[in-house]
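Visitor: Could you walk me through a structure today? I am new to this, so plain sentences would help.

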Amino acid sequence: MSSRRLVLTCPVGFEDLVRGDLLEDDGVRARQIDPGLLLVESIGDLTFLEHATAIDQVSVPLDLSTGVAISLREAAVGRLCERVGVDRIVHYRVHSPGDPVQRDAVIAEVDRALGWINSPGDWDVNLDLATSRADIGPLRWAARFGRLDRLPAATPVAVAACAVRLAKVPAEGVLLDPCGGVGSVPIVDALVRPTGDGLVVDALAEAVDLAAGNLRRLGLTERVSVRQGDATALEVADHSVDRVVTDLPFGKRIGSNEANRTLYPAALREIERVLTSDGRCVLLSDDKRLLKDAVARTHGLKIVRERVVRYNGVTPTAYTLARSRRLRERRTADAS
Ligand SMILES: C[S@@+](CC[C@H](N)C(=O)[O-])C[C@H]1O[C@@H](n2cnc3c(N)ncnc32)[C@H](O)[C@@H]1O
């Protein structure tokens, strides 16, 4: 591998999780250099990216003091592009917010020195002068795993990946997303977990249609089902779901704080009903007080971990819930 350093973008608040997985699963050492940014050195090859669903974007750091073209050449960005399937003269774009003169100068320099083609609508490399990084198009999430049809409230796929990771889904287990929208969470789960099933439920017909289309395109219809339904009255059998992972309406862009006063306690009751006795649940919410009140009103779910995350201008908390031990023991005793 020619390029020795890469910058990986992951959701803010999950950096430690992503770093730990890279090291454990692939022996890849990464260190956090900024919120949501990990630097990887001496990467060997790129096979670790084949299942790294929590990584949104892969970039090469540039040293702009030497000039963009020289820095691109020294970092062997052209060879990296070839390696990840770019079989044409590299098409690029320049992102230089508020500085068209600098952008034009860089375009002239790259054209002259590298013969690359400036093609903002169809790029392999995004030269981001604000961050001093060259983003590699074929290594973005959508290029590696497939583009999803989305709605404005859809969960960013890398965030969905981190939530799934927190849930520790058993190999053969069933994962349910009761506010599943276009299916991001069960889709990401099915991409990283070779066995086991998923279920997407959403109240909105449009979301359900998009989820069905996403599953069809990705060839996941055998493993993940989708249906229109209500998170507060799920048509799902008691204790039949190993993991619930969901990005709840925050009550700002989607729903309202008023609606959440009814939705959250009722949805939590249903989650508690459908989860197996050693089930686990990961909930994303920005309506934090209501969420905690709703959990406190369940009979035997408790929050075991919280982490604040940040993406797209929101700072929700990812809550990991488990059954309280007393309830688990009672259920096991009842069953034996
Ligand atoms: C934050 S979005 C989740 C997005 C989803 N993870 C995705 O990637 O598309 C919240 C979703 O909850 C759905 N929703 C709201 N109230 C619901 C209810 N009572 N039952 C089921 N879904 C509901 C909305 O339609 C919306 O799709």
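Guide: What follows goes through the sheet, the ligand, one helix and the salt bridges, and please keep in mind throughout that this is a predicted model.

Visitor: Okay, let's start with the sheet. How many strands form it, and in what order?

Guide: The sheet is an open one made of eight strands, and their order across it is β2-β3-β1-β4-β8-β7-β5-β6, with mixed pairing.

Visitor: Which strands stand at the edges?

Guide: Those are β2, residues 30–34, and β6, residues 117–118; each has a single partner strand, so one side of each is left without a neighbour in the sheet.

Visitor: How does β2 run relative to β3, parallel or antiparallel?

Guide: β2 and β3 run antiparallel and are joined by four bridges, and if you would like one pair to find on the screen, Ala30 has Val40 as its bridge partner in β3.

Visitor: And what about β8, which strands does that one pair with?

Guide: On one hand, β8 is joined to β4, residues 57–61, by three bridges, with the two strands running antiparallel, and there Ser59 has Asp135 as its bridge partner. On the other hand, β8 also pairs with β7, residues 125–128, again in the antiparallel sense and over four bridges, where Asp128 is partnered with Arg133.

Visitor: What sits between β7 and β8 in the hairpin?

Guide: Four residues lie between the two strands of that hairpin, and Ser132 takes a positive phi there, near 55°.

Visitor: Which way do the residues of β8 point, and are they buried or exposed?

Guide: Strand β8 covers residues 133–136, and from it Arg133 and Asp135 point one way while Ala134 and Ile136 point the other way, yet all of them are buried.

Visitor: Switching topic: which residues are closest to the ligand?

Guide: The ligand is surrounded by 19 residues, and the closest are Thr155, Val182, Ser184, Asp202 and Ala231.

Visitor: What polar contacts can I look for there?

Guide: Three that you can look up are these: a polar side-chain atom of Thr155 is 2.7 Å from a nitrogen atom of the ligand, a side-chain N or O atom of Asp202 is 2.7 Å from an oxygen atom of the ligand, and Ala203 brings a backbone N or O atom to 3.2 Å from a ligand nitrogen atom.

Visitor: How much of the ligand does the protein cover?

Guide: On its own the ligand has 600 Å² of accessible area, and the protein covers 88% of that.

Visitor: And how does the shell divide between nonpolar, polar and charged residues?

Guide: The shell around the ligand is made up of 11 nonpolar residues, five polar ones and three charged ones.

Visitor: Now a helix, please. Is α6 mostly covered or mostly open?

Guide: α6 is mostly covered, since 10 of its 11 residues are buried, and the buried ones include Val157, Cys162 and Leu166. Just after α6 comes Lys168, which has a positive phi near 45°.

Visitor: Last topic, then: how many salt bridges does the structure hold?

Guide: The structure holds 14 salt bridges, and one of them is formed by the side chains of Glu41 and Arg5, at 3.5 Å from N to O. Glu41 lies in strand β3, residues 37–41, and Arg5 in strand β1, residues 5–9, so the pair ties together parts that are 36 residues apart in sequence.

Visitor: How exposed are those two?

Guide: Glu41 is partly exposed, with a relative accessible area of 38%, and Arg5 is partly exposed too, at 39%.

Visitor: What about Arg217, which residue does it bridge to?

Guide: Arg217 forms a salt bridge with Asp149, with the closest N and O atoms 3.6 Å apart. Arg217 lies in helix α8, residues 205–217, and Asp149 in the loop between α5 and α6, so this pair ties together parts that are 68 residues apart in sequence. Arg217 is partly exposed, at 48% relative accessible area, and Asp149 is partly exposed as well, at 35%.

Visitor: Which residues do shared partners join into one network?

Guide: Salt bridges with shared partners join Arg5, Arg31 and Glu41 into one network.

Terms used
Residues numbered from 1 in each chain as written. Predicted model: local features only at pLDDT ≥ 70, side-chain atom pairs only at ≥ 80, totals over all residues. Heavy atoms only, no water. Salt bridge = Lys/Arg side-chain N within 4 Å of Asp/Glu carboxyl O. Buried < 20%, exposed > 50% of the residue type's maximum accessible area, 1.4 Å probe, protein only. Pairing = 2+ DSSP bridges. Near = heavy atom within 4 Å. Polar contact = N/O pair within 3.5 Å; in protein donor to acceptor, adjacent residues only side chain to side chain. Areas by Shrake-Rupley, 256 points an atom, 1.4 Å probe, with all protein chains shown as cover. Nonpolar A, V, L, I, M, F, W, Y, C, P; charged D, E, K, R; others polar.
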